[in-house]
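I opened this notebook to record what I looked up in the model, entry by entry. The sequence and coordinates are placed here for reference.

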Amino acid sequence: MAIPRKSFPNFLDRNNAIESPMWVDTHCHLDVEPLCLKQIEVLDRARNAGIGHFIVPGIRGPAKNFISPNVLFAWGVHPGNASFFENIDLKDLFAQRNYDPVAIGEIGLDIQSPADFNLQLKIFSTQLEIAKAENLPVLIHLRGFWNQALAALKNTASDLPWVMHAFSGNFEIAKLFLRGNAFISFGGSLCFSNAKKTPRVALETPIEKILLETDAPDMAPPGWKKDENEPAALLDVAKKLCQIKKIELSELKSQVWKNIQKARLMDDFALHD
Ligand SMILES: [Zn+2]
């Protein structure tokens, strides 16, 4: 039986106004080591850098949620963990959650996952069905298997926003997803000194379809310690994107803020304003 939404406390600061655009890290793993061991200082550094909101994806179903203003949680099984969920009823597991997620993710397909393709696809598809039933956006992790993922998204989630987290394909592939409901999310890999493909995708992707993330603690941009990336590094990604697009930071900030609303990643926040 589906648990009605709004039955749990959420973690939003309802007194915080949302009129003015803020930077949002749409994908950061604040609930894993080493970030979870120093949450308060990590969040302080991020807030000092101007990051107003944070979305924490699930990788083994529920995120390890905690109460902190403006930290939002998604729910999902990462394709790299698919083999642990072979015999688990994901819809049952979802029904046991203790919070209302803002999205289903991170979910998808990964050519490097130890789980075989058919199991990954089954787990991905079941979670797309959950997203559809709950009318939630999906946070998509994809490494390879582009056509299979696109087919599954079109088949089950054609009406939902697709957030293509840390998109690693080329622009030809990005276009296929952009013809659907995709937003392309850029992280630290945009800033790597040898990056060519991702800057090209950023250049060609319409600014109305761009989101920003850090994927912390992974994907540290230059200047951040490997495996200790933090949401505060979001500004490095934003600055790089501005260089590529030849726009001002303020323009990017307000456009990405609008995109976050369009991708419905902060629906709960708006509802409780
Ligand atoms: Zn992630």
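**Entry 1: helix α8**

Why does the distance between the end C-alpha atoms of helix α8 (residues 249-262) agree with the number of its residues? I began with this check, bearing in mind that the model is predicted. Helix α8 has 14 residues, and at 1.5 Å a residue these should span 20 Å. I found its end C-alpha atoms 20 Å apart, so the expected and the computed span agree.

I next asked which residues of α8 are buried. They are Leu252, Val256, Asn259 and Ile260. Viewed down the helix axis, these buried residues fall within an arc of 100°, and therefore they line one face of α8. On the face turned away from that buried side I noted the exposed residues Ser250 and Glu251.

What covers the buried residues of α8? I listed three strands and a helix among the covering elements: β1 (23-25), β9 (182-186), β10 (210-212) and α7 (234-245).

**Entry 2: the residue after α8**

Just after α8 I came to Arg264, which takes a positive phi of about 60°. Arg264 is not a glycine. I placed it in the loop between α8 and α9 (267-271). Is Arg264 buried or partly exposed? I counted 17 other C-beta atoms within 10 Å, and burial requires 20 or more, so Arg264 is partly exposed.

**Entry 3: a second positive phi**

I recorded Asn70 as well, since it has a positive phi of about 70° although it is not a glycine. Asn70 lies in the loop between β3 (60-62) and β4 (71-73). Its C-beta neighbours inside 10 Å number 20, and Asn70 therefore counts as buried.

**Entry 4: cis peptide bonds**

Where is Pro34 found? I located it in the loop between β1 and α1 (39-48). The peptide bond that joins Glu33 to Pro34 is cis, with omega about 0°.

I also noted a cis peptide bond from Gly105 to Glu106, where omega is near 10°. Glu106 is found in strand β6.

**Entry 5: strand β7 and its partners**

I then turned to strand β7 (residues 138-143), which is mostly covered, as five of its six residues are buried. How do strand β6 (residues 104-110) and β7 pair? They pair in the parallel sense over five bridges. Within this pairing I found Gly108 opposite His141 in β7. Helix α3 (residues 117-134) joins β6 and β7 in a right-handed β-α-β unit.

β7 also pairs with strand β8 (residues 162-164), in the parallel sense and over three bridges. Here I noted Ile140 opposite Met164 in β8. β7, helix α4 (residues 146-156) and β8 make a right-handed β-α-β unit.

**Entry 6: strand β2 and its partners**

How many residues of strand β2 (residues 51-56) are buried? I found five of six, and I entered the strand as mostly covered. β1 and β2 run parallel and are joined by three bridges. For Val24, the bridge partner in β2 is His53. I recorded β1, α1 and β2 as a right-handed β-α-β unit.

I looked up β4 next. β2 and β4 pair in the parallel sense over three bridges. The bridge partner of Val56 in β4 is Phe73.

**Entry 7: the chain as a whole**

I closed with the totals. The protein chain has nine helices and 10 strands. Along its principal axes, the C-alpha trace spans about 45 × 45 × 35 Å. Does the radius of gyration agree or disagree with that of a compact globule? For 273 residues a compact globule would have a radius near 19 Å, and the protein chain has 17 Å, which I entered as agreement.

What share of the 273 residues is buried? I recorded 44%. Of the contacts in the protein chain with a separation of 6 or more, 71% are accounted for by residues 24 or more positions apart.

Technical notes
Residues are numbered from 1 along each chain as its sequence is written. This is a predicted model: local features need pLDDT of at least 70, side-chain atom pairs count only at pLDDT 80 or more; totals for chains, interfaces and linings use all residues. Helices (H or I, at least four residues) and strands (E, at least two) are DSSP runs, numbered from the N terminus. The expected span of a helix is 1.5 Å times one less than its number of residues. A residue is buried if 20 or more other C-beta atoms lie within 10 Å of its own, exposed if 12 or fewer, and partly exposed in between; C-beta atoms are placed from the backbone. The arc is that of the directions from the helix axis to the C-beta atoms. Two residues are in contact if their C-beta atoms, placed from the backbone, lie within 7 Å. The radius of gyration is taken over C-alpha atoms; the globule rule is 2.2 Å times the number of residues to the power 0.38. Two strands pair if DSSP finds at least two bridges between them. A crossover is right-handed if, with the strands pointing away from the viewer, the path from the first strand over the helix to the second runs clockwise.
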